[in-house]
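Biologist: Could you take me through one part of this model slowly? I am new to reading structures, so please explain the terms as you go.

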Amino acid sequence: CSNCGTTNTPLWRRDGDGKLICNACGLYLKARHMPRPPSLARTPTPSRQHVMQSQQQKRGDNQDSSPRLGNDNQNASPVGALACANCGTSTTPLWRRDDVGNNICNACGLYYKLHGTHRPNSMKKTVIKRRKR
């Protein structure tokens, strides 16, 4: 980027003079009609392997600096897997949050919104029925 000096951006743009600028500088220029100040430029983030090496050095177990291939935590759920905090389902057309901030399924969220109390487990269905419209 001719403005902030970055070399990685999801989209390259051009300023009024035709020079290449990064997406962040281009959006800033478009919204404020002035170049983005260098103080807003991001500092480079360390890579994942660099972070792992620094953590290992802090702990003192620097035997193997390569990343581990095995799963250290056998009970870990896959990233992004959601389950309703009320009924435990993992399939729903829409995820909602209750008043505490827990992820709940659409059915439990609508029941809570209507009745002001959590949906009983006896009402849980195994299939989602679609409306015929």
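Modeller: Happily; here is a close look at one helix, H3, and the residues around it. This is a predicted model, in which local features need pLDDT of at least 70, side-chain atom pairs count only at pLDDT 80 or more, and totals for chains, interfaces and linings use all residues. Residues are numbered from 1 along each chain as its sequence is written, and side-chain values use heavy atoms, with hydrogens and water left out.

Helix H3 covers residues 106-115, and Asn 106 lies in it. Helices (H or I, at least four residues) and strands (E, at least two) are DSSP runs, numbered from the N terminus. Asn 106 counts as buried because its relative accessibility is 16%; buried means under 20% relative accessible area, exposed over 50%, and partly exposed in between (1.4 Å probe, protein chains only).

What does Asn 106 touch, not counting residues up to four places away in sequence? The list is Thr 92, Pro 93, Leu 94 and Arg 96, where contact means heavy atoms within 4.5 Å. With Arg 96, the side chain of Asn 106 also makes a polar contact of 2.6 Å. A polar contact is a pair of N or O atoms within 3.5 Å; within protein, one must be able to donate a hydrogen and the other to accept it, and residues adjacent in sequence count only if both atoms are side-chain atoms.

Asn 106 has company: Cys 108, Gly 109 and Tyr 111 are also buried residues of H3. The buried residues of H3 pack against strand E3 (96-97) and strand E4 (103-104). After H3 comes Gly 116, with a positive phi near 75°.
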